[in-house]
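Here is an informal walk through one model, from one edge of a sheet to its helices and rings. Have the structure open and follow along.

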Amino acid sequence: MTIRLVALDVDDTLLNSQGHILASTKNVLQTILNNGVKVVLCSGRPLRGIQSFLDELGIGGSDQYAITYNGSVIESLAGDILSQKGLSNEEYRHIDAYANKQHIQYYVLDQDGEVYTSNHDVSRIAVIQAWENDAGILIRKPDELANDFTIVKAAFVGEKTTLDQAEAGVHAVAMGNGSAAAKEHANYVTNSNDEDGIANALQKLVFEKE
């Protein structure tokens with residue numbers, strides 16, 4: 001079997017716990033790219049939120065791609081949208097109502113990476129998201145937005161103790177730093193994102209299969 005594409009999650013997978021790409025990761029991805037294999041970054045962030053990592057890896061152009069907004073948008077690195085699935089203003093209203101009922105904070109993103117929330121007390125997590133996207137935060141209630149307003153991502157945010165009371169935890173990817181539940185269902189578990197996990201996995205899964 002010839003591998004033609006490698007898809008990588010960004011946070012806590014491509015990036016180590018300090019938010020950087022390891023030298024071992026850069027080296028193996030450069031070798032893969034030089035062999036004509038596409039490397040597709042997958043993230044909850046918009047394209048502009050991962051652009052610095054794409055630049056660092058030297059990945060760009062209309063024939064390279066990214067999966068952004070947790071899969072809501074698939075696009076070329078030239079910004080051409082291949083697929084997009086959004087949520088309507090009505091669905092934004094449901095998110096807003098649920099957040100208010102549960103007394104939790106939230107934010108949503110439009111297709112341009114702009115951050116919206118109706119929270120007057122904005123979560124620090126929403127601030128971090130806006131900073132990562134090089135975007136501002138727009139305080140808007142659903143009634144203040146156009147009827148055709150759509151979003152491509154929504155997130156309930158806050159401190160762990162608050163979120164644990166409202167919803168189940170989110171499982172991590174199957175790396176050494178992944179959750180036990182994720183690793184139990186994986187065929188192969190590599191090292192953590194701080195211990196050359198990407199390089200070791202790709203060496204085994206791509207090059208050793210050639």
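Outside its own stretch of chain, counting from beyond four places in sequence, I81 is in contact with V73, I74 and E75. Keep in mind that this is a predicted model. I81 sits in strand β5, residues 81–84. Is I81 buried, partly exposed or exposed? Its relative accessibility is 44%, so I81 counts as partly exposed. For a sense of scale, take E144: I81 and E144 are 63 residues apart in sequence, and their C-alpha atoms are 27 Å apart in space.

**The sheet**

Now zoom out from β5. The open sheet has 5 strands in the order β1-β2-β3-β4-β5, and the pairing is mixed. β1 (5–9) and β5 are the edge strands with a single partner each, so each has one side without a neighbour in the sheet. From one strand to the next, the twist averages 15°. Helix α3 packs on this sheet, where it touches β2, β3 and β4, and its direction makes about 135° with that of β3.

Here is how three of the strand pairs look:

| Strand pair | Sense | Bridges |
|---|---|---|
| β2 (residues 38–42) and β3 | parallel | 2 bridges |
| β3 and β4 (residues 73–76) | antiparallel | 4 bridges |
| β4 and β5 | antiparallel | 3 bridges |

You can trace these pairings residue by residue. Going from β2 to β3, L41 stands opposite A66. From β3 to β4, I67 has I74 as its bridge partner. I74 in turn stands opposite S83 in β5, while V73 has Q84 of β5 as its bridge partner.

Two hairpins connect the antiparallel strands. In the hairpin of β3 and β4, 4 residues lie between the strands, and Y69 takes a positive phi near 55°. The hairpin of β4 and β5 also has 4 residues between its strands, and there G79 takes a positive phi near 95°.

What do the two faces of β3 look like? Strand β3 spans residues 65–68, with A66 and T68 on the covered face and Y65 and I67 on the uncovered one. That fits the general rule that side chains in a regular strand alternate between the two faces of the sheet.

**Helix α3 on the sheet**

Back to the helix that packs there. β2, α3 (residues 47–57) and β3 together make a right-handed β-α-β unit. Which residues of α3 are buried? They are L47, G49, I50, F53, L54 and L57. Looking down the axis of α3, you'll find these buried residues within an arc of 135°, so they line one face of the helix. They pack against quite a list of elements: α1 (10–14), α2 (23–34), β2, β3, β4 and α5 (124–132). After α3 comes G58, which has a positive phi near 70°.

**A look at I32 in α2**

One of the elements packed against α3 is α2, and I32 is a residue of that helix. Unlike a partly exposed position, I32 has 0% relative accessibility and so counts as buried. Leaving out residues up to four places away in sequence, I32 touches V6, V37, V39, L202, V206 and F207. I32 and L5 are 27 residues apart in sequence, with a C-alpha to C-alpha distance of 9.2 Å.

**The aromatic rings**

Last stop, the rings. How many aromatic pairs does a search of the whole structure find? It turns up 4 aromatic pairs. One of them is Y92 with F149, a tilted pair at 5.9 Å centre to centre and 55° between the planes. Y92 belongs to helix α4 (residues 89–102) and F149 to the loop between β8 (137–139) and β9 (153–157), so the pair ties together parts that are 57 residues apart in sequence. Both Y92 and F149 are buried. There's a wider group here too: ring pairs link Y92, Y106, Y116 and F149 into a cluster.

Methods. Residues are numbered from 1 along each chain as its sequence is written. This is a predicted model: local features need pLDDT of at least 70, side-chain atom pairs count only at pLDDT 80 or more; totals for chains, interfaces and linings use all residues. Side-chain values use heavy atoms; hydrogens and water are left out. Buried means under 20% relative accessible area, exposed over 50%, partly exposed in between (1.4 Å probe, protein chains only). Two strands pair if DSSP finds at least two bridges between them. A crossover is right-handed if, with the strands pointing away from the viewer, the path from the first strand over the helix to the second runs clockwise. Contact means heavy atoms within 4.5 Å. Rings of Phe, Tyr and Trp (its six-membered ring) pair if their centres lie within 6.5 Å; planes under 30 degrees apart count as stacked, over 60 as edge-to-face and the rest as tilted. The arc is that of the directions from the helix axis to the C-beta atoms. Axes are lines fitted to C-alpha atoms, for helices over the stretch in contact, and angles run from 0 to 180 degrees between N-to-C directions.
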